[in-house]
Amino acid sequence: MVELRVVIVGGGFGGLYAAKSLKRASVSVTVIDRRNFHLFQPLLYQVATGALSPGEIASPLRYVLNKNRDTQVLLGEVTDIDPAARRVILRDGEVEYDELIVASGATHHYFGHDEWVRLAPGLKTIEDAIAIRGRILAAFEHAEREPDPARRRAWLNFVIVGGGPTGVELAGALSEIANDTLRHDFRRINPRESQILLIEGESRVLPVFPPDLSEKAERQLIQLGVRVRTSARVTNVDPDGVAVHLDGKDQHIAARTVLWAAGVRASRLGKVLAERAGAAIDKAGRVIVGPDLGIPGYPEIHVIGDLASFVQDGKPLPGVAPVAMQQGRHVARLIRDRAAGRKGNRPFRYFNKGNLATIGRNKAVADFGFLHLAGFFAWFTWVFVHLMYLVEFDNRLLVLTEWVYNYITRNRGARLITGGHS
């Protein structure tokens with residue numbers, strides 16, 4: 001019997017868990033990714049703030065999948081998809097498939113202002129994290145050398161656009177850097193005089209969480225010294241700061257470091273599927289998928305993770321790791337059924353185990369539906385869950401060691417400025 005050829009585009013949570021779930025299936029699997037590693041994105045902000053090093057949250061795909069006997073990993077970039085011929089087109093070749101899983105993720109969304117990319121970087125890749133780390137640490141270095149008080153203040157002002165989990169985590173970590181990590185490192189400036197401003201367009205931070213947890217998260221941010229501005233809209237970003245519309249007024253905030261955490265846009269393969277397979281996409285470029293995570297007319301094409309727009313109970317599922325992992329496992333079951341000659345179109349149902357967001361040392365919020373936690377117990381739960389979700393045991397051990405050390409000393413050992421600074 002000829003094995004089904006399964007091609008997985010993307011080695012993120014969705015693609016990786018699909019591949020791992022096909023380990024014992026009678027199929028041949030090819031995983032294609034532009035990078036040779038799986039990145040644990042939920043901890044990327046810790047690389048950006050010097051708490052962890054890149055290698056501690058990334059795992060080589062070949063190593064992770066080396067026990068999957070019928071799985072090969074290809075380093076390559078998918079530029080096109082030919083559904084009629086069942087081919088994935090790479091920049092330097094092509095791969096044929098019988099079943100295709102597209103899990104190419106998402107990138108930053110600047111809502112029509114892509115010119116802000118250079119001035120307000122987002123956080124999606126290792127390179128983003130290293131660049132942001134450099135900007136943050138270089139800001140303190142510039143402030144140390146700046147004789148003019150106004151200019152020095154601009155270097156010590158940090159603006160984060162977006163009050164979702166990434167923005168909240170960045171704001172909390174920045175406060176800890178200023179108040180704890182760097183408190184004895186400079187002679188002419190006091191890092192504790194830094195001002196961290198978190199700007200959110202909605203009426204509350206963490207809008208996907210219940211209102212009571214949003215309120216508790218904001219309270220914890222304020223305890224850390226973070227200034228929170230909700231119902232605020234950024235109208236411009238320039239080298240000297242950001243323009244914000246708040247309470248019916250326009251104001252300019254002087255800040256030399258602006259970080260973007262306000263939204264995501266699906267990868268360009270969503271548009272490719274719309275053009276080649278007639279798939280419907282939403283305003284963020286995500287492919288609107290059916291109950292089985294497929295697209296009409298092409299049952300062999302499955303779209304999962306941040307690239308997929310899946311509505312459950314009247315609401316689209318959020319672009320978080322647990323959704324992608326469960327979708328990856330679900331599609332793998334469909335393919336195993338088809339490979340065994342069984343009908344494989346069972347509907348997907350996401351089981352929400354809870355939402356977590358950390359704010360800082362001993363500060364976090366956790367939503368388990370029937371149970372809402374805030375403070376130390378939510379933070380401890382966050383620590384445990386994130387350690388367990390790391391792919392490799394080595395990474396778990398390294399990260400745990402770093403966290404224990406950081407917790408005791410309040411130090412961040414990866415405070416390196418690399419690649420120059422502005």
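Here are legends for a few close-up views of this predicted model.

**View 1. Inside the second largest pocket.**
Start with the space itself: the second largest pocket has a volume of about 470 Å³. A ring of names is handy for finding the middle, since Glu176, Arg361, Trp379, Asn406 and Arg412 are the lining residues that lie nearest the pocket's centre. In total, 25 residues line this pocket. Helices H2 (44–48), H6 (165–181), H10 (376–389) and H11 (393–409), along with strand E25 (355–360), each give two or more residues to that lining. Which element supplies the largest share of the lining? Helix H6 does, with six residues. What kinds of residues make up the lining? Eleven are nonpolar, eight are polar and six are charged.

**View 2. A nonpolar patch on the surface.**
Now hop to the outside, where Phe376, Phe377, Phe380, Leu400, Val404, Tyr407 and Ile408 form a nonpolar patch. Together they have about 710 Å² of accessible area. Helices H10 and H11 each give two or more residues to the patch, and the largest share, four residues, comes from H11. Take Leu400, one of the patch members, as a sample: Leu400 sits in helix H11 and counts as partly exposed, at 37% relative accessibility.

**View 3. Val365 and Trp379.**
Val365 belongs to strand E26, which covers residues 363–367. Is Val365 buried or exposed? Val365 is buried, because its relative accessible area is 0%, and the cut-off for "buried" is under 20%. Along the chain, Val365 and Trp379 are 14 residues apart, and their C-alpha atoms are separated by 7.0 Å. You have met Trp379 already, as one of the residues nearest the centre of the second largest pocket.

**View 4. Two leucines with a positive phi.**
Leu206 isn't a glycine, yet its phi is positive, at about 45°. Look for Leu206 in the loop between strand E12 (195–199) and helix H7 (211–223). Leu206 is buried, at 0% relative accessibility. Leu293 is another non-glycine residue with a positive phi, near 70°. Its loop runs between strand E19 (287–288) and strand E20 (294–295), and Leu293 is buried too, with a relative accessible area of 0%.

**View 5. Salt bridges.**
Side chains of opposite charge can pair when their charged atoms come close. How many salt bridges turn up in the whole structure? The search finds 18.

- Arg5 and Asp98 meet through their side chains, at 3.1 Å from N to O. Arg5 is in strand E1 (residues 4–9) and Asp98 is in the loop between strands E8 (93–96) and E9 (99–102), so this pair ties together parts that are 93 residues apart in sequence. Arg5 is partly exposed at 33% relative accessibility, whereas Asp98 counts as buried at 18%.
- Glu127 pairs with Arg35, and their closest N and O atoms are 2.9 Å apart. This bridge links distant parts of the chain, 92 residues apart: Glu127 is in helix H4 (residues 126–145), and Arg35 is in the loop between strands E2 (27–33) and E3 (37–39). Glu127 is partly exposed, with a relative accessible area of 43%, and Arg35 is partly exposed at 31%.
- Glu94 forms a salt bridge with Arg87, with 2.9 Å between the closest N and O atoms. Glu94 is partly exposed at 45%, and Arg87 is partly exposed at 24%.
- Arg5, Glu96 and Asp98 are joined into one network by salt bridges that share partners.

Methods:
Residues numbered from 1 in each chain as written. Predicted model: local features only at pLDDT ≥ 70, side-chain atom pairs only at ≥ 80, totals over all residues. Heavy atoms only, no water. 1 Å grid on protein atoms, 1.4 Å probe; cavity = no way out; pocket = protein on both sides within 12 Å on 5 of 7 lines; lining within 4 Å. Points joined across faces, edges and corners; volume = space filled by probe spheres on them. Nonpolar A, V, L, I, M, F, W, Y, C, P; charged D, E, K, R; others polar. Patch = residues over 30% accessible without salt bridge, like charges linked within 9 Å, V, L, I, M, F, W, Y side chains within 5 Å. Areas by Shrake-Rupley, 256 points an atom, 1.4 Å probe, with all protein chains shown as cover. Salt bridge = Lys/Arg side-chain N within 4 Å of Asp/Glu carboxyl O. Buried < 20%, exposed > 50% of the residue type's maximum accessible area, 1.4 Å probe, protein only.
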